[in-house]
2 protein chains.
Amino acid sequence: MNIGLLLFIPSRNVENRILAAVNAAGFDVSQAQARVLMRVDPEGTRLTVLAESAQVTKQTAGFLVDQLEKAGYLERVPDPTDGRARLVRVTEKAKGAVPVANAEMARIEAEWEQHIGKRRMAQLREALDMLCEITDPYR
Amino acid sequence: MNIGLLLFIPSRNVENRILAAVNAAGFDVSQAQARVLMRVDPEGTRLTVLAESAQVTKQTAGFLVDQLEKAGYLERVPDPTDGRARLVRVTEKAKGAVPVANAEMARIEAEWEQHIGKRRMAQLREALDMLCEITDPYR
DNA sequence: TGTGTTTAGTCAGATACTCTGATTAAAGTA
DNA sequence: TACTTTAATCAGAGTATCTGACTAAACACA
């Protein structure tokens, strides 16, 4: 099987499981919303940066942020350093989802380690870390 | 960085690059169409199987197959073993895209190997192969 | 300082993708 | 034969995404 698919399958598996866990905990967000939400920095992030990072247009990011704002997961505050810009910030409500996501991620990693072994898990992480250096458009 | 994102980033990078290469070679397909197209078996595949494999509903798979059929990349033939079913098959036209995709994939793998080294690349593949055993919903 | 260019974000409109629910027809089962 | 399941489609709706045009603030520099 080609390595693209080999990366895609577990990647989607993680996405599905974390979203399911977060939804089950009562946070009603979609996958697309979650992809934006998880990229918001604790200190706040500009829309343009979110868009780049999630690899969507500013319009799409704006659309998703609007929804997350309406649902009370995000808020927009003026950017003190730039009058044109606003900072998107996560609300207290959204912060409640973080431990849920982390717990599910930890559960997944434990299962994976169980299946492939501690050594291979470390190798996997190391290789992926290095790959992100050349494949992450937002670094 | 969490391992979900660590998998997602290079995975999307591969998708983007292969799609771009295939598009550049004159095959006018979307990402969603490509995800279905690449899952069609040489001997033909049932719509239901495609849907499961690509993790979308039968309706969505049907919608995408319709478009690919109109564009001449897929055809539907009766399934000789089941009167209800039809087999989706790739046309000669679509087969031309395979070497394009393979060449781009080879290029990507070469670049990656260049960056992380042959040994780590082999370890990566091994770990991912094993992970797919527990994360591939369609195996 | 004033003018032209870039940047951050939004508005409007269109398209693509995906889903839920209901339906038809062919198999499979007892 | 009657009941249940399975493969696929139809109809309709909702979500996500894009292109193009626009406003306002910031920046660059002659």
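In the predicted model, a polar side-chain atom of B:Arg84 is placed 3.4 Å from a sugar or linking oxygen of DNA strand C. The backbone of this strand is also approached by B:Thr60, where an N or O atom of the side chain is 2.8 Å from a phosphate oxygen. A base of DNA strand C is reached from the other chain: a polar side-chain atom of A:Lys58 lies 2.4 Å from a base nitrogen. Two or more residues of the surface near DNA strand C are supplied by each of H3 and H4 of chain A and H4 of chain B. The most, 5 residues, is given by H4(B). In total, 21 residues are found around DNA strand C, and those that come nearest are A:Thr48, A:Lys58, A:Arg86, B:Gln59 and B:Gly83. Of the strand C atoms that come within 4 Å of the protein, 59% belong to sugar and phosphate. The surface near DNA strand C divides by class into 8 polar, 7 charged and 6 nonpolar residues.

DNA strand D is likewise surrounded by 21 residues, with A:Ser30, A:Gln59, B:Thr48, B:Lys58 and B:Arg86 the closest. Sugar and phosphate make up 61% of the strand D atoms that come within 4 Å of the protein. Two phosphate contacts can be described. The side chain of A:Thr60 has an N or O atom 2.7 Å from a phosphate oxygen of DNA strand D, and a polar backbone atom of B:Leu47 is 3.3 Å from a phosphate oxygen of this strand. For the bases, a base nitrogen of DNA strand D lies 2.7 Å from a polar side-chain atom of B:Lys58. At least two residues of the surface near DNA strand D come from each of helix H4 (58–70) of chain A and helices H3 (47–54) and H4 (58–70) of chain B. The largest share, 5 residues, belongs to H4(A). By class, this surface has 7 charged, 8 polar and 6 nonpolar residues.

Chain B superposes on chain A with an RMSD of 0.0 Å after a turn of 180° and a shift of 0.0 Å along the axis. This relation is therefore that of a two-fold axis. Both copies use the same surface, and 100% of the contact residues of chain B recur in chain A.

Chain A contains 7 helices and 3 strands, arranged from the N terminus as α-α-β-α-α-β-β-α-α-α. Its C-alpha trace spans about 50 × 35 × 25 Å along the principal axes. Of the 139 residues in chain A, 48% are buried. The accessible surface of chain A is about 7,300 Å², with 53% belonging to carbon and sulfur atoms. Among contacts in chain A with a separation of 6 or more, 48% join residues 24 or more positions apart.

Helix H3 of chain A, residues 47–54, has A:Leu50, A:Ala51, A:Ser53 and A:Ala54 as its buried residues. Within chain A, the buried residues of H3(A) pack against helix H2 (31–37), strand E1 (45–46), H4 and strand E3 (86–90), and from chain B they pack against helix H1 (3–24). H3(A) is followed by A:Gln55, which has a positive phi near 60°.

Helix H1 of chain B also carries B:Phe8. This residue counts as buried because its relative accessibility is 13%, under the 20% cut-off. Residues of chain A touched by B:Phe8 are A:Ser11, A:Glu15, A:Arg35 and A:Arg39.

Definitions and conventions
Residues are numbered from 1 along each chain as its sequence is written. Chains are lettered from A and ligands numbered from 1 in the order in which they are written. This is a predicted model: local features need pLDDT of at least 70, side-chain atom pairs count only at pLDDT 80 or more; totals for chains, interfaces and linings use all residues. Side-chain values use heavy atoms; hydrogens and water are left out. A residue is near a molecule or strand if one of its heavy atoms lies within 4 Å of it. A polar contact is a pair of N or O atoms within 3.5 Å; within protein, one must be able to donate a hydrogen and the other to accept it, and residues adjacent in sequence count only if both atoms are side-chain atoms. Helices (H or I, at least four residues) and strands (E, at least two) are DSSP runs, numbered from the N terminus. Ala, Val, Leu, Ile, Met, Phe, Trp, Tyr, Cys and Pro count as nonpolar, Asp, Glu, Lys and Arg as charged, and the others, Gly among them, as polar. Buried means under 20% relative accessible area, exposed over 50%, partly exposed in between (1.4 Å probe, protein chains only). Contact means heavy atoms within 4.5 Å. Accessible areas come from the Shrake-Rupley method with a 1.4 Å probe; for residues, only the protein chains shown count as cover. Copies are superposed by least squares on the C-alpha atoms of residues with pLDDT of at least 70 in both. Lists of a residue's contacts leave out its neighbours within four places in sequence.
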